[in-house]
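Colleague: I should like to learn how to read a sheet, a helix and a chain contact from coordinates. Could we work through one example?

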Amino acid sequence: MHSLTPITALGGQTVRVDTIGNAELRESDGLALASVHGRLGHEAACRAHLSDLLDGRLPAVGKAVLRDPEAAFWTGPDQWMVGAPFASHEDLASQLKSRFGDTASITEQTDAWACFDLQGSAMEQVVELLCPINVRQMTTGDAQRTSIHHLGCFVLRRDPSDWVRILGPRASAGSLHHAIVTAMRSVA
Amino acid sequence: MIINHPLLGPRDSAEFVYMGDARLIERPDPESDTVAEQFHDYAYLRDNPAGTLRELWFHEGGDRSWLVVTRDTRTHEISKVELARDVARSKGRSK
């Protein structure tokens, strides 16, 4: 038998937490992800399935639907990312596949992304240093893809609104963490 | 420079990558009798106008969409921004 030890995106056995000034950066290892892309000619049926999954709420352009257990945000035309707690939805992609059938292409994304929660009164100043999006104009439920430290990342403004969730490429988790911590030190 | 994305609104051009003349959408039919000549023209021949040019931009640091941007090469004024897939579909393409 193999005896494997699960590690977080930053390589630790527990999530890393950095508190600098008025901001806290917390690595999150509890998120299962799957992308949903409506297939050509099945866009309306795909939207109906997604809206059904999310209590009748479909994420509009640049928006997220924040709820439990499944949540979703818009990533492109007829394309969304669905997230859920890893503990209860480790097989999220296959659950979605049986729900959406041939109307959508579903891809497992859990291990492709590193997830960081940045929270505190200095959050807006930190995000402003990191990327060109206008974070002060974003409100709870807004989701944008942008570049942080040359990495394509999603920035989701959550509830309470001093909290953003940053999803970046997991293979570059260390670089992304370095960039965020450097920005936090700059505003502290 | 700001590109007014049709879905996401005004975005910094640093999020985009320039991908060349918008005529690259119109790839010749590989089954055609004059395929060599058509692909020669497609690959090598470009207009280089001092004025309005339609060009492809890829929103790499954003939602990964391809855009057709109409830009004046003398002033960088952008007069029109469309989703490339809408442009291709309006020409009767399936994707």
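Modeller: Certainly; please note that this is a predicted model. For a sheet, one begins with the order and sense of its strands. In chain B, 4 strands form an open sheet in the order S3-S4-S5-S6, with antiparallel pairing.

Colleague: Which strands of chain B stand at the edges?

Modeller: Strand S3 (17-21) and strand S6 (78-83) of chain B do; each has a single partner strand, so one side of each is left without a neighbour in the sheet. On average, and with direction ignored, neighbouring strands of this sheet are turned by 30° against each other.

Colleague: Over how many bridges do strand S4 and strand S5 of chain B pair?

Modeller: The antiparallel pairing of S4 (residues 52-58) with S5 (residues 66-72) in chain B runs over 7 bridges. Within S5(B), Leu67(B) is the residue opposite Trp57(B).

Colleague: How should I read helix H4 of chain A, and where do its buried residues lie?

Modeller: One considers length, then burial. Helix H4 (residues 173-187) of chain A has 15 residues and spans 21 Å from first to last C-alpha, close to the 21 Å expected. Its buried residues include Leu176(A), Ile180(A) and Met184(A). Seen down the axis of H4(A), the buried residues fall within an arc of 160°, so they line one face of the helix. The face turned away from that side carries the exposed residues Gly174(A), His178(A) and Ser186(A).

Colleague: How many residues of chain A are in contact with chain B?

Modeller: Here 11 residues of chain A are in contact with 11 residues of chain B. The largest share of chain A's side, 3 residues, comes from S9(A). That side divides into 4 nonpolar, 6 polar and 1 charged residues.

How values were computed
Residues numbered from 1 in each chain as written. Chains lettered and ligands numbered in written order. Predicted model: local features only at pLDDT ≥ 70, side-chain atom pairs only at ≥ 80, totals over all residues. Contact = placed C-beta atoms within 7 Å. Helix = DSSP H or I, 4+ residues; strand = E, 2+ residues; numbered from the N terminus. Nonpolar A, V, L, I, M, F, W, Y, C, P; charged D, E, K, R; others polar. Expected span 1.5 Å × (residues − 1). Buried ≥ 20, exposed ≤ 12 C-beta atoms within 10 Å, placed from the backbone. Arc of directions from axis to C-beta. Pairing = 2+ DSSP bridges. Axes fitted to C-alpha atoms, helices over the stretch in contact; angles between N-to-C directions.
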